[in-house]
Amino acid sequence: TQISLKNAEKEIVNSKKDIENHINEPVRTFCYPNGLLTDFNDEIKQLLEENDFSCALTLLPKMVTQNSDLFELGRIPPGEDFHTFKYCLSGLYSDISQG
């Protein structure tokens, strides 16, 4: 969102092609640089879908559910140690963070 949509498309498409050529596999997922709400919008999400991406990850701390927007998937941080990691995966994180 910090550059024009045309430049964003050029960067995304060229990067996708470069990675695909390097790994000899299709690239279907995207991770927004920085991954914050200000780093993507509906136009960017549409651009990704039009260029054969199946989903995109953010750094927004939210659980993925059946109703999640596939181009705005959240991630839960792993925590400081194994105990906080287990807490994050337990489902309690979602209950508390949305409370």
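**From a surface aspartate to the aromatic core**

Asp42 is exposed, with a relative accessible area of 59%. The cut-off for exposed is over 50%, so Asp42 falls in that class. The model is a predicted one. Asp42 is the starting point here, and the path runs inward through its salt-bridge partner.

That partner is Lys45. The side chains of Lys45 and Asp42 meet in a salt bridge, 3.6 Å from N to O. Both residues lie in helix H2, three residues apart, which is about one turn of the helix. Their surroundings can be set side by side. Asp42 is exposed, whereas Lys45 counts as buried, at 10% relative accessibility. Side chains of opposite charge can pair when their charged atoms come close.

Lys45 has another acidic partner. Its side chain also meets that of Asp69 in a salt bridge, at 2.7 Å from N to O. Lys45 belongs to helix H2 and Asp69 to the loop between S2 and H3, so this pair ties together parts that are 24 residues apart in sequence. Asp69 is partly exposed, with 33% relative accessible area. Salt bridges with shared partners join Asp42, Lys45, Lys62, Asp69 and Glu72 into one network. The structure holds five salt bridges in total.

Glu72 deserves a closer look. It sits in the loop between S2 and helix H3, the latter spanning residues 82-89. Is Glu72 buried or exposed? Its relative accessible area is 18%, so Glu72 is buried. The limit for buried is under 20%. The side chain of Glu72 makes a polar contact with the side chain of Lys62, at 3.5 Å. Beyond its neighbours within four places in sequence, Glu72 is in contact with Leu37, Phe40, Lys45, Ala56, Thr58, Leu60 and Lys62. That list holds two of the lysines of the network, Lys45 and Lys62. It also holds nonpolar residues, among them Leu60 and Phe40.

Take Leu60 next. Leu60 is found in the loop between S2 and H3. It is buried, with a relative accessible area of 15%. Leu60 and Gly74 are 14 residues apart in sequence, yet their C-alpha atoms are 4.8 Å apart in space. Leaving aside neighbours within four places in sequence, the contacts of Leu60 are Gly35, Leu36, Leu37, Phe40, Glu72, Gly74 and Arg75. Phe40 is thus a contact of Leu60 and of Glu72.

Phe40 leads on to the rings. A pair of aromatic rings is described by the distance of the centres and the angle of the planes. How many aromatic pairs does a search of the whole structure find? It finds three. In one of them, the rings of Phe30 and Phe53 have centres 5.5 Å apart and planes at 75°, so the pair is edge-to-face. This pair links distant parts of the chain: Phe30 is in strand S1 (residues 29-31), and Phe53 is in the loop between H2 and strand S2 (55-57), 23 residues apart. Phe30 and Phe53 are both buried. The rings of Tyr32 and Phe40 have centres 4.5 Å apart and planes at 20°, so that pair is stacked. Tyr32 counts as buried at 2% relative accessibility, and Phe40 does too, at 6%. Ring pairs link Phe30, Tyr32, Phe40 and Phe53 into a cluster.

The cluster also meets a charge. Lys16 lies over the face of Phe53, 5.4 Å from the ring centre. Lys16 counts as buried, at 11% relative accessibility. Its side chain meets that of Glu20 in a salt bridge, 2.6 Å from N to O. Lys16 and Glu20 both lie in helix H1, four residues apart, about one turn of the helix.

Now the core. The largest nonpolar core has 13 residues, of which Phe30, Tyr32, Leu48 and Phe53 touch the most other members. Helix H1 (5-23) and helix H2 (42-50) are the elements that give two or more residues to this core. Helix H2 gives the most, with three residues.

Tyr32 brings these threads together. Apart from neighbours within four places in sequence, it is in contact with Asp39, Phe40, Ile44, Lys45, Leu48, Ala56, Leu57, Thr58 and Phe71. Lys45 is on that list, and Lys45 is the salt-bridge partner of Asp42, where the path began.

Definitions and conventions. Residues are numbered from 1 along each chain as its sequence is written. This is a predicted model: local features need pLDDT of at least 70, side-chain atom pairs count only at pLDDT 80 or more; totals for chains, interfaces and linings use all residues. Side-chain values use heavy atoms; hydrogens and water are left out. A nonpolar core is a set of buried Ala, Val, Leu, Ile, Met, Phe, Trp, Tyr and Cys residues joined through side-chain atoms within 4.5 Å. Buried means under 20% relative accessible area, exposed over 50%, partly exposed in between (1.4 Å probe, protein chains only). Contact means heavy atoms within 4.5 Å. Rings of Phe, Tyr and Trp (its six-membered ring) pair if their centres lie within 6.5 Å; planes under 30 degrees apart count as stacked, over 60 as edge-to-face and the rest as tilted. A charge sits over a ring if NZ of Lys or CZ of Arg is within 6 Å of the ring centre and within 35 degrees of the ring normal. A polar contact is a pair of N or O atoms within 3.5 Å; within protein, one must be able to donate a hydrogen and the other to accept it, and residues adjacent in sequence count only if both atoms are side-chain atoms. A salt bridge is a side-chain nitrogen of Lys or Arg within 4 Å of a carboxyl oxygen of Asp or Glu.
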